[in-house]
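I opened my notebook to get to know a new structure. Here is what I looked up, step by step.

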Amino acid sequence: MAWPYRADQLRRALRSRAEDAIAQRLGVPPPLFLTSSDASVTARPGRAVPGPGRSLLPMADTQPLTPREAFEMLLDGNQRFVAGVPEHPNQDAARRTEIVPAQNPFAVLFGCYSRLAAEIIFDRGLGDLFVVRTAGHVAGPEVLGSIEYGVSVLGAPLVVVLGHDACGAVAATRSAVEDGTPAGGYVRDVIERVTPSVLAARAAGRTEDADFIAEHIRHTVGLLLDRSRVLAQAVEAGQAAVVGLSYRLADGTARLVTAHGLEVPAHAVS
Ligand SMILES: [Zn+2]
């Protein structure tokens, strides 16, 4: 199956009037904001006009063009949050107005609840992240559809699965598997979807919480790529990357667990 949108369709869907305004002010043609790596897959998400005092150049907080740039932008924000020096970008009234006509998030963030708020821990603002959250980042059809929407319609070049230590969903699943602790209602559905990760970690002889969390993150990334052809093709085409990050509640760091469509040094993967 081909990438579901032709270049011109994506261009129309993704390039906002604000991007044209940037192009005009920079004196460059709009294609600056599109990748030219493949004629069949072109559009990149744009960021709208920077607010007062911000650079118009495609710097870290203006315009990610590649999955790598989006990833670095996300990690930069996390480092600011960890260091206690957040910049709170795109949280003002100007940004609020700017994103009314269109949204161009630079990342889809698929994460668990609730002690990690995406825009806070990555120090971003309005319209930057397309956030999808379920307990234990379990993915059913609606979730897969939402993530695909973020990538194929909104043009986000990065999908992040965000797990965290001391995850209640993983702990409840371990209890269900190891002690037979029952779960009622639809919570059972969450636990059933986390169970393969817990079983895999146990089969590998893991005992530490961090190992179970990492296994579940890897499993979720694998599931997204396995179930979603749209996502797999976007990664194959170099249009998007799918990465798994593990967030530590105590210090606020997000560590790389796995990456697809993004070359990272081996030592960067924990
Ligand atoms: Zn959790």
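Before I start on the helix and what follows it, one term: helices are DSSP runs of H or I with at least four residues, numbered from the N terminus.

**Confidence.** I am reading a predicted model, so I checked the pLDDT early. The chain has a mean pLDDT of 80, and 74% of its residues reach 70 or more. Over residues 1-62 the pLDDT is below 50, although this stretch has 104 contacts in the model beyond near neighbours in sequence. I keep that in mind for anything I see there.

**Helix α3.** I checked the length of α3, residues 67-83. Its 17 residues, at 1.5 Å a residue, should span 24 Å, and the end C-alpha atoms are indeed 24 Å apart, which agrees. Which residues of α3 are buried? I found Pro67, Ala70, Phe71, Met73, Leu74 and Gly77. Looking down the axis of α3, I saw these buried residues fall within an arc of 160°, so they line one face of the helix. I then asked what the buried residues of α3 pack against. The partners are three strands: β3 (107-111), β5 (158-164) and β6 (241-247). Just after α3 comes Gly84, and I noted its positive phi, near 75°.

**The sheet.** Those strands took me to the sheet. Five strands form an open sheet with mixed pairing, and I wrote down the order as β4-β3-β5-β6-β7. Why is one side of β4 and of β7 left without a neighbour in the sheet? Both β4 (129-133) and β7 (254-260) stand at the edges with a single partner strand each, so one side of each stays unpaired there. On average, neighbouring strands of this sheet are turned by 25° against each other, direction ignored. I also looked at one pair in detail: β3 and β4 run parallel and are joined by five bridges. Leu109 stands opposite Val131 in β4.

**Helix α9.** Next I followed α9, residues 209-227, which packs on the sheet and touches β5, β6 and β7. The direction of α9 makes about 160° with that of β6.

**One residue in α9.** I picked Glu215, which is found in α9. Is Glu215 buried or exposed? I counted 23 other C-beta atoms within 10 Å of Glu215; the cut-off for buried is 20 or more, so Glu215 is buried. Leaving out residues up to four places away in sequence, Glu215 touches Ser197, Ala200, Ala201 and Arg206. I also took one distance: Ala204 and Glu215 are eleven residues apart in sequence and 10.0 Å apart in space, C-alpha to C-alpha.

Conventions: Residues numbered from 1 in each chain as written. Predicted model: local features only at pLDDT ≥ 70, side-chain atom pairs only at ≥ 80, totals over all residues. Helix = DSSP H or I, 4+ residues; strand = E, 2+ residues; numbered from the N terminus. Expected span 1.5 Å × (residues − 1). Buried ≥ 20, exposed ≤ 12 C-beta atoms within 10 Å, placed from the backbone. Arc of directions from axis to C-beta. Contact = placed C-beta atoms within 7 Å. Pairing = 2+ DSSP bridges. Axes fitted to C-alpha atoms, helices over the stretch in contact; angles between N-to-C directions. pLDDT = per-residue confidence, 0-100.
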